[in-house]
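Me: I'm new to this structure and would like to learn how to read it. Could you walk me through it, starting with its empty spaces?

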Amino acid sequence: MAPSPSAAPTPSSPPASSSRAVDLAARTLRIEAEALLALIPRLNGDFSRSVELILASSGRVIVSGMGKSGHVARKIAATLASTGTPAYFVHPGEASHGDLGMVQGSDVFLALSNSGETEEVLRILPAIKRQGAKLIAMTGNPASSLAREADAHLDASVTQEACPLNLAPTASTTAALALGDALAVALLDARGFGPEDFALSHPGGSLGRRLLTHVRDVMHAADTVPTVHPDAPLTDAILAMSQGGLGMTAITDPESRILGIFTDGDLRRAFAQGLDLGRAIIGSLMHPNPHCIAPERLAVEAVDLMERHRINQLLVADAEGRLLGALNMHDLFRAKVI
């Protein structure tokens with residue numbers, strides 16, 4: 001007899017309670033955290049040997065793996081490449097159908113396999129050896145075929161997966177990923193790779209903009225900066241400031257050396273004090289010896305200077321104090337330095 005239309009279908013399994021979901025999540029994180037900590041005692045001479053092999057290589061690091069190990073391998077290759085070690089991913093299945101031509105004798109081949117017995121990886125080892133490339137294996141089985149063939153072995157073994165069935169790669173892939181990060185960081189340090197180097201490989205990111213953008217890239221040139229001499233009437237300074245659109249006027253001597261600055265904030269304060277604006281001379285109202293910055297300094301340093309002194313405009317000067325330009329917070333916002 002067919003069920004009535006209003007009858008609810010019988011679920012194939014009971015829905016998980018929210019408390020059980022949280023318990024499973026906590027168990028997963030605990031297992032994976034313990035797996036990572038267990039890697040530390042196994043950082044032995046083979047880890048140092050891996051670093052030495054890569055540093056001694058004049059080629060690149062080719063990272064390879066199948067399945068979930070392949071996904072981890074792609075991320076390791078990307079991390080290495082972005083931290084000063086040229087690297088790329090090669091799929092082991094494609095490698096045996098022509099992509100092994102990418103591997104040269106000067107390269108280091110980093111092969112990932114949790115079992116250490118992945119057929120597609122083992123199949124290409126003879127060709128890698130014939131090329132003369134060095135082999136680093138990252139496995140969960142130090143006694144595996146892949147580990148035995150390697151010039152250096154990175155032990156990423158775990159006691160259990162976070163998967164309740166102990167089947168799906170979870171803790172093992174986390175361990176491999178973290179071990180790859182550890183390798184990249186060790187290489188980064190050995191190469192003396194710094195923030196400026198990182199920015200060069202990340203020009204489109206926020207860090208790249210902060211570390212590659214200099215004051216000269218965002219400043220207004222001197223011939224566009226409103227300027228007056230110190231004996232000029234305040235009204236002349238106000239007119240120059242209005243025309244310049246920078247919210248300030250620079251006060252300079254005949255040789256363009258900076259003597260002071262007068263901002264829109266100073267103008268508001270002058271109004272509040274009831275000064276005779278028609279008779280005031282700018283030299284008596286300016287801020288003498290204002291904060292300045294050199295054009296070759298990073299724009300992020302200009303941000304720091306402006307924030308520390310709570311100012312919105314900054315003059316750009318050479319070593320002799322001559323006016324070269326100016327910038328304000330709006331310029332830095334437009335350059336996405338802030």
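Me: Which residues line the largest cavity?
Reply: Rolling a probe the size of a water molecule over the atoms shows where empty space is left. On a 1 Å grid over the protein atoms alone, a cavity is a set of points where a 1.4 Å probe fits but cannot get out, and lining residues have an atom within 4 Å of a point. Here the largest cavity is lined by Leu39, Arg42, Leu43, Asn44, Phe47, His153, Leu154, Asp155 and Leu179. Strand β5 gives the largest share of that lining, three residues. This is a predicted model, where local features need pLDDT of at least 70 and side-chain atom pairs count only at pLDDT 80 or more, while totals for chains, interfaces and linings use all residues. Residues are numbered from 1 along each chain as its sequence is written, and side-chain values use heavy atoms, with hydrogens and water left out.

Me: How much space lies in the largest cavity?
Reply: About 40 Å³, where a volume is the space filled by probe spheres set on the points, with grid points joined across faces, edges and corners. The structure holds one cavity of 30 Å³ or more.

Me: Leu39 lines that cavity, so to speak of its helix: which residues of α1 are buried?
Reply: Helices (H or I, at least four residues) and strands (E, at least two) are DSSP runs, numbered from the N terminus. Buried means under 20% relative accessible area, exposed over 50%, and partly exposed in between (1.4 Å probe, protein chains only). In α1, the buried residues are Ile31, Glu32, Ala35 and Leu39. They cover an arc of only 90° around the axis, taken from the directions from the helix axis to the C-beta atoms, which puts them on the same side of α1. The face turned away from that buried side carries the exposed residues Ser18, Val22, Asp23, Leu29 and Leu37.

Me: What covers the buried residues of α1?
Reply: The cover includes β5 (152-155) and α8 (171-191), with contact meaning heavy atoms within 4.5 Å.

Me: And where do I look for the largest pocket?
Reply: A pocket is an open set of points with protein on both sides within 12 Å along at least five of seven lines. The largest pocket has about 380 Å³ of space. Of its 18 lining residues, Thr263, Arg310, Ile311, Asn312 and Gln313 are the closest to its centre. Helix α13 (264-272) gives the most to this lining, with five residues.
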